[in-house]
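User: I want the reasoning behind a few labels in this model. Please set each value against its cut-off.

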Amino acid sequence: MFTDVPLLSLIIWVPIIGGIICMFAGDDRKATRARCIALLTAFINLLLCVPLYLGFDKSTSNMQFIENIDWIAKFGVHYQLGVDGISVLMVILSTITTFLVVIASWRPIKKNVAQYMAAFLIMQGMMVGVFESLDAILFYVFWEGMLIPMYLCIGMWGGARRTYASIKFFLYTFLGSALMLIAILYLRTKTTDFNILSFYSVQLTMTEQVYIFIAFLLAFAVKIPMWPVHTWLPDAHTEAPAGGSVVLAALMLKMGIYGILRFSMPITPDASQHLAGLMIVLSLIAIVYIAVVAVGQTDMKRLIAYSSVAHMGFTTLACFVIYKIVAKTGDLHDAYLTLEGGMVQMLSHAFSTGAMFLGVGVLYERLHSREINAFGGVAHKMPLFAALFMLFALANVGLPGTSGFVGEFLIILGSFKASYVITLFAATTLVLSATYTLWMYKRVFFGKVMTQGVEDMHDLEMPEYTVLFILAFLVIFIGVYPNALLSVFHTSIGHLLELSTTSKL
Amino acid sequence: MNFTAPDLLPAIGEMFTIGMICVVMLAYLFFDKQNRGITYFLTQVTLLGAAVIAISLYGHPTEITFDGSFILDSEALLLKIFILLSSVFVLMYSRPYIRDNEIAHGEFYLLILFSALGMQVLVSAYSFITLYLGLEVFSLPLYAMIALRHNRPVCQEAAMKYFIMGAIASGFLLYGMSLVYGACQSLNIQEIVSMMSLSVESQPMMLTVGLVFIAAGALFKLGVAPFHMWVPDVYEGAPNAMTLFISTAPKLAGFALLLRLLVEAMPALFPQWQYLLIAVAVLSMAVGNIIAIAQDNIKRMLAYSSIANMGYMLLGLIAGTPRGYGSATFYIITYVIMSLGAFGIITILSRKGFELEKIDDFKGLNSRNPWLALMMLLIMFSMAGVPPSVGFFAKVGVLESLVRADIVWLPALALVFAIIGAYYYLRVVKVMYFDEPIEKTPVILESFDAQLAISINGLAVFFLGLFPTTMIELCQKAFLA
């Protein structure tokens, strides 16, 4: 039905071209024009996802909507796009997020509006490109190219230490990705082109696999971020404008996990198996240690940033604990559940954390502070907001009925099969995340109104509650009916699991 | 001995240039007082005409003429085209600068023409004599050019330094050539190649010493560490328009020099010069990228960046495969396009009595002229090698050829230095976009030429990044014939 329309290309290029138009929409006197162009572009892009979702065949793990054009024939680089069950959700997630961010930035951004909107739209196009690329060089181009708008976004509209945060962000992620390029070039010498799927069938010795695994891991670990390369994230998150934080949390971090699923596990299955123990330990450190660090934060954005690291630790745990499960039980059934749990966790984290960052943005807009101590008693002044924020906080904690619960539950259930020790550490998250999230909530929202600033606060306005309501709906919807997601990636995860557990030696 | 008239077709571009130089000189003498534009116009016609000749000759089968001392091949033509086009852009950028600072414009244009002539001869040279001839014809005008702003002592100093260093480099080169001549009994590259495979057994020491001197001379000209000391001083001291020229076309000519001398004349010594170039390339990338961080002067910073970039270019030669040479060619052309844009912006932002030199002079450029800032942003990210810009594909090209040649550690090291390098490019972007401007007044470019040039230049960086295929194939084809 939709086969002759290059749907995937449209989803990449519509926002990029819209962004370029937006850039030339004029200076801040014509800010509304820029905002409208941005909203329109984001909306068109959202509409483009409807045929994508409807036309997607859930029963196969093959790549769909494939487009393939020669790009740099000399090097064997193709402009090759396609989606499977894993990436199609990421694509839809990106378009939804950008749409929400554009609405959420309607009022708070007053300086260089046209450039701000342009940066987000271009970033959106490139992020979708990352998820859709089937060619490793194309993937790398989008992966790195996206740093430019993000760098500008943090640096131009960020907080007081924005310069430091933006440069740290850029160099950290740039450093991580460098070795990935070498690994890709090395893999290329073993095949005829840069197609990621053809990398899957490359025979590699254990030593080669370990080197390639580490090269990829550096890139992905920085993006996820895993302990101990997570230190750019709190700075970047804290200094970025609210919209930037949302994109960082909801999408950019997911690219790291996506990379592990798309590259590390299927290309180097034996190295993944071999180093699974190390990866699990790193994930557990992220879950336990970073959560403890989060408890001590006084800055709301920093706290949520650390909670992101801890939650992403859960996802990486899901990716690598499967090797232990398979080794112990000998069949794929439990590993399947765990990996699906990881996927749900990843998507749910995008909504709950994204929403919390927007919430902090709402507070910052009113009081120009992110310090927990500057607030108190906000619930009296902003009851609607307090209720919504409570929902997101609980999703972050993993309350049954919200999206956060499904993923954590599946992962913890699966890790039982691997080892009780892993489960024990992983389960501490239930306590720790409740501690930092709810304690923060209590200090900000409850109690008496202490300061004049809080006294003057007003409840949510139109753009704000639109965005938060949509997110609230998504959080509950996934919590109650996770099958909406599971059914989409079920087949693809099965295929991935097979690739990742078949030895190449 | 029979005298046969040489085929003049391969040298038609050079002959056209020299003829036009006489015309320009006369026009400057007699008509310039009535109409200042005429010299400029004729100079551009000369350069464009020579470029058109080179383009129309493209695809012509390889031909050697003038008794084996002059060659017409696609590699020479490709480099000529870019040498001439970049000179055209240099003139477009520097026209307002020359006018505002009351520099003798006729002399400036003529010196550029002479230099372009020398470079054309150099890239087509196929014997040591013509190589040296071309080298000197293109270098001497450069020294004079820097000294054109005679009221600034710093320019005199730079000119002097450049001249002395250049003379030393020429000395090295000549000495090395004489040693190779001693071993091979010929100055003609074609004959040297056939002789060398024999004399490499009998005269290994002499040839190796000759190689080292020749390489040192050529690397001097390119400004590669450890022969890089003159680069930052000359870049800084020269007037902006002259720095613009020095940092672009001569790099292509220097590359041709290296290519003819090492790759084409001495393939028998490949293992020796490969080691030499590895050491030099690593050192260049290290020195260039690390020292650039500490610079506050944008011209010095870009000078160190050029040292680093030359190091990356050498990686392609180190691979020692046609693919590698093609990638190196692509790299150097890309670098020239980027450098043209970066120094072009510096030149057009300099006004009468104000020489843009500090990185801080770029403060808040985004709010003063967003278009210029965007162009500079594209160029900076391209230099840092961030996709989707052409600089990324240039880096991927050389790295890929190395990985193919089974050298994996070197590209990894190169990338580490590239990340260190990214910092100072980011700093320029930071200054333009994140900082508040010192002066609030918008920057308005009066000159249409300069505006056009920078727009083409910046967008070329972007669009060549999206569609690099044609360029890459042109560069690769030059080495497959």
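Analyst: Start with the angle classes: under 35 degrees is roughly parallel, over 145 roughly antiparallel, 65 to 115 roughly perpendicular, and the rest oblique. Note that the model is predicted.

User: Why are H17(B) and H19(B) called oblique to each other?

Analyst: The axes of H17 (residues 390-404) and H19 (residues 448-466) of chain B cross at roughly 50°. That value falls in none of the three named ranges, so the pair counts as oblique. The axes come within 7 Å.

User: Which residues of H17(B) and H19(B) meet?

Analyst: From H17(B), B:Val390, B:Phe392 and B:Phe393. From H19(B), B:Val461, B:Leu464 and B:Gly465. By class, this contact has five nonpolar residues, one polar and no charged. Gly counts as polar.

User: What makes B:Phe463 partly exposed?

Analyst: B:Phe463 has 14 other C-beta atoms within 10 Å. Buried needs 20 or more, and exposed needs 12 or fewer. The count of 14 lies in between, so B:Phe463 is partly exposed. This residue sits in helix H19 of chain B. Its C-alpha atom is 8.8 Å from that of B:Pro388, 75 residues apart along the chain.

User: Why is H9(B) described as largely enclosed by the rest of the structure?

Analyst: H9 of chain B spans residues 230-237, and seven of its eight residues are buried, so the label follows. Among the buried ones are B:Trp230, B:Val234 and B:Tyr235.

User: Which helices do the buried residues of H9(B) pack against?

Analyst: They pack against H6 (153-184), H10 (240-246) and H13 (298-319) of chain B.

Key: Residues numbered from 1 in each chain as written. Chains lettered and ligands numbered in written order. Predicted model: local features only at pLDDT ≥ 70, side-chain atom pairs only at ≥ 80, totals over all residues. Axes fitted to C-alpha atoms, helices over the stretch in contact; angles between N-to-C directions. Helix = DSSP H or I, 4+ residues; strand = E, 2+ residues; numbered from the N terminus. Contact = placed C-beta atoms within 7 Å.
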